[in-house]
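Me: Please show me the model. I want to go through the labels one by one and ask what stands behind each.

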Amino acid sequence: MRHDDPLLRILVCPLDKGPLVLDAPGSALYNPRLRRRYPVIDGVPQLLPGSGEPVTDEELAALSTLPGAH
């Protein structure tokens, strides 16, 4: 998945229905409100509630610099 993918404008978190942010390598979608990350596998976002994982404090520092992660 790429940062300019139009799909990013319509994808939402399965838990709070809010927007998601693509991480720098494009391997996960991040929800800054719930501090959860959803993997992107072979270009396909895994947006089932159970596929999300909590973000550690160290990862949060890096993800908080992404555009839209505020």
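**Labels and their grounds**

Reply: In this predicted model, the side chain of R36 has a polar atom 2.6 Å from the backbone oxygen of G52.

Me: What makes the R36 to G52 approach a polar contact?

Reply: A polar contact is a pair of N or O atoms within 3.5 Å; within protein, one must be able to donate a hydrogen and the other to accept it, and residues adjacent in sequence count only if both atoms are side-chain atoms. The R36 to G52 distance is 2.6 Å, so it falls within 3.5 Å.

Me: What should I know about the numbering and the model itself?

Reply: Residues are numbered from 1 along each chain as its sequence is written, and side-chain values use heavy atoms, with hydrogens and water left out. The model is predicted: local features need pLDDT of at least 70, side-chain atom pairs count only at pLDDT 80 or more, and totals for chains, interfaces and linings use all residues.

Me: Which elements does the chain have, and in what order?

Reply: There are one helix and five strands. From the N terminus the order is β-β-β-β-β-α. Helices (H or I, at least four residues) and strands (E, at least two) are DSSP runs, numbered from the N terminus. R36 sits in strand β3, residues 36-41.

Me: Why is R37 called buried and E53 partly exposed?

Reply: Buried means under 20% relative accessible area, exposed over 50%, partly exposed in between (1.4 Å probe, protein chains only). R37 has 16%, so it is buried. E53 has 37%, so it is partly exposed.

Me: How do you know that E53 and R37 form a salt bridge?

Reply: A salt bridge is a side-chain nitrogen of Lys or Arg within 4 Å of a carboxyl oxygen of Asp or Glu. E53 and R37 meet at 2.7 Å, N to O, so the pair qualifies. The pair links distant parts of the chain: E53 is in strand β5 (residues 53-54) and R37 in strand β3, 16 residues apart.

Me: How many salt bridges are there, and which other pairs form them?

Reply: The structure holds four. Among them, D16 pairs with R33 at 2.9 Å between the closest N and O atoms. This pair also links distant parts: D16 is in the segment before β1, R33 in the loop between β2 and β3, 17 residues apart. D16 has 29% relative accessibility and is partly exposed. R33, at 42%, is partly exposed too. Another bridge joins R2 and D4, with N and O 2.6 Å apart. Both R2 and D4 are exposed.

Me: Why does R36 count as having no salt bridge?

Reply: Lys and Arg count as positive and Asp and Glu as negative; His and the chain ends are not counted. For R36, the nearest side chain of opposite charge is E53, 7.8 Å away. The limit is 4 Å, so there is no bridge. R36 is buried all the same.

Me: What about D23: where is it, and what does its side chain reach?

Reply: D23 lies in the loop between β1 (21-22) and β2 (28-31). D23 is buried without a salt bridge, and R37, the nearest side chain of opposite charge, is 6.1 Å away. Its side chain does reach backbone nitrogens: that of G26 at 2.9 Å and that of S27 at 2.9 Å.

Me: Why is P25 called exposed?

Reply: P25 has 66% relative accessibility, so it is exposed. P25 lies in the loop between β1 and β2.

Me: What makes K17 and R35 stand out in the backbone?

Reply: Phi of K17 is near 60 degrees, a positive value in a residue other than glycine. R35 is not a glycine either, and has a positive phi of about 55 degrees. K17 is in the segment before β1, and at 56% relative accessibility it counts as exposed. R35 is in the loop between β2 and β3, and at 31% it counts as partly exposed.

Me: Which residues make the largest nonpolar core, and what makes it a core?

Reply: It has eight residues: L8, L11, C13, L20, L22, L29, Y38 and V40. A nonpolar core is a set of buried Ala, Val, Leu, Ile, Met, Phe, Trp, Tyr and Cys residues joined through side-chain atoms within 4.5 Å. Of the 70 residues in the chain, 36% count as buried.
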